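The following paragraphs lead the reader through selected parts of a protein model. Please keep the sequence and the structure in view while reading.

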Amino acid sequence: MTGPLRARVYTRGMKKRLAAAAWLALVVPAACSGAGGPAASDAAPPVAEAGSELDAAPPPSPPPPPRPPADAAVSGPALLSETGLYADIKTRTLAPGVIPYGVRFPLWTDAAEKTRYLWLPPGARVDTSSMDEWTFPSDTRAWKEFRVDGKLVETRVLWKRGPGEGASAWWMMAYVWRADGSDADATVPGVPAVQGTSHDVPPQTSCGTCHNDVRDALAGVGAIQLSEGATLAKWTADGLFTAPPPAITPPGAGAVMAALGYLHGNCGHCHNERAPRLATQSAMRLRLLVGETDPANTQIHRTTVNVKMQHVFPPDITVAVAPGQPEKSELWVRMGLRDFNAMPPLGTKVVDDGGRDAVRAWILGLAPPPP
């Protein structure tokens, strides 16, 4: 065979081998994807040699683009219907295992109606070895639903997606309900005056403000908060705890219990021994502990009554609680403000007169110091 003829035969043979190799590149990965190889849709398209039979082959169709999330920073379910709360969101049918619950001393959010739900992984239990600071199993999910003026406006989700404990293990997001109630969308920046109400849906960055200073993020799920009604007994019977919580009666009675409980539910998640900000502000510890039975021996009483604050509040208020004198008690005065000095500093635009009245009655009932 002469040199030119041999070259033409060699060239035709190489083209056939290239075409066969390209065909195998499309077929073999799909057949091997179940054995650890890449899926066909993940394989790189073959590169055609100039003049080969692949020049005329159409490129493979790209897969359809995924549905974009509500925001690039969502990094979780874009829709509330995808979080596991509902089996059917249209009929509001809860998913299997989702438990509605209530709290004894609810957080004031300008009189918004709230419904709470919890889901634990099957067979998992809440670690109650420290009865005042529960630790939740990985994949725990909690939801809090808000209605304002009869409108369903938002549902907040806390989902424990990481190991260990603390807010860093939790993913937090607010979902804004659509006007037609068909679903709710994750929102990172928040929504002011949602659905024309006075309610502001908070941005994702503010979630940690209320959840960072408790042991495992769920500030409202604990022995004291669940002590009213049959919740603790039912959850104990269902085997949800590593150690059954004892029967709990918060200290005091009437206005005293109401005041201490109000401070526990509205202020204790920030004003406690875990909060780093207390090093530069006050040493108030405004949460109740399971073992406390005497109101005068609670840490709320001991860290507020006749305890000097680190600054003087105008005109001459120097202590957190002045026995018998609400108007001289910085704690009570700031509860009535909704400006820079307001307490709590976020999540509310309207003073809670009922809670403030309970705290006032408690202060009036305290014996004044001897002359």
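A convenient starting point is a hairpin: strands S5 and S6 have two residues between them, and there Asp149 takes a positive phi near 55°. The model is a predicted one, in which local features need pLDDT of at least 70, side-chain atom pairs count only at pLDDT 80 or more, and totals for chains, interfaces and linings use all residues. Residues are numbered from 1 along each chain as its sequence is written, and side-chain values use heavy atoms, with hydrogens and water left out. Helices (H or I, at least four residues) and strands (E, at least two) are DSSP runs, numbered from the N terminus.

The two arms of this hairpin, S5 and strand S6 (residues 151-160), run antiparallel and are joined by eight bridges; two strands pair if DSSP finds at least two bridges between them. Within this pairing, Phe146 has Glu154 in S6 as its bridge partner. S5 is also joined to S4, again antiparallel, by seven bridges, and here Leu118 stands opposite Ala142 in S5. S5 is mostly covered, with six of its eight residues buried; buried means under 20% relative accessible area, exposed over 50%, and partly exposed in between, for a 1.4 Å probe and protein chains only.

The loop between strand S4 (113-119) and strand S5 (141-148) contains Glu133. Glu133 counts as buried because its relative accessibility is 13%. Its contacts (heavy atoms within 4.5 Å) include Arg215, Arg274 and Arg287, not counting residues up to four places away in sequence. The side chains of Glu133 and Arg287 are joined by a polar contact of 3.2 Å. A polar contact is a pair of N or O atoms within 3.5 Å; within protein, one must be able to donate a hydrogen and the other to accept it, and residues adjacent in sequence count only if both atoms are side-chain atoms.

Positive phi values also occur in other loops. Arg92, in the loop between strand S1 (86-88) and strand S2 (93-94), has a phi near 60° and is partly exposed, with a relative accessible area of 31%. Ala217, in the loop between helix H2 (207-211) and helix H3 (231-237), has a positive phi of about 75° although it is not a glycine; at 0% relative accessibility, Ala217 counts as buried.

Two cis peptide bonds deserve attention. One runs from Pro314 to Pro315, with omega near 0°, and Pro315 is placed in the loop between strand S9 (308-313) and strand S10 (317-319). Another runs from Met343 to Pro344, also with omega near 0°, and Pro344 is placed in the loop between helix H6 (330-335) and helix H7 (353-365).

Met343 and Pro344 lead on to the cavity, since both are among the residues that line the largest cavity, together with Tyr262, Asn266, Cys267, Met335, Arg338 and Asp352. The structure holds one cavity of 30 Å³ or more. On a 1 Å grid over the protein atoms alone, a cavity is a set of points where a 1.4 Å probe fits but cannot get out, and lining residues have an atom within 4 Å of a point. The volume of the largest cavity is about 50 Å³. Helix H4 (residues 254-267) gives the most to this lining, with three residues.

Notes: On a 1 Å grid over the protein atoms alone, a cavity is a set of points where a 1.4 Å probe fits but cannot get out, and a pocket is an open set with protein on both sides within 12 Å along at least five of seven lines; lining residues have an atom within 4 Å of a point. Grid points are joined across faces, edges and corners, and a volume is the space filled by probe spheres set on the points.
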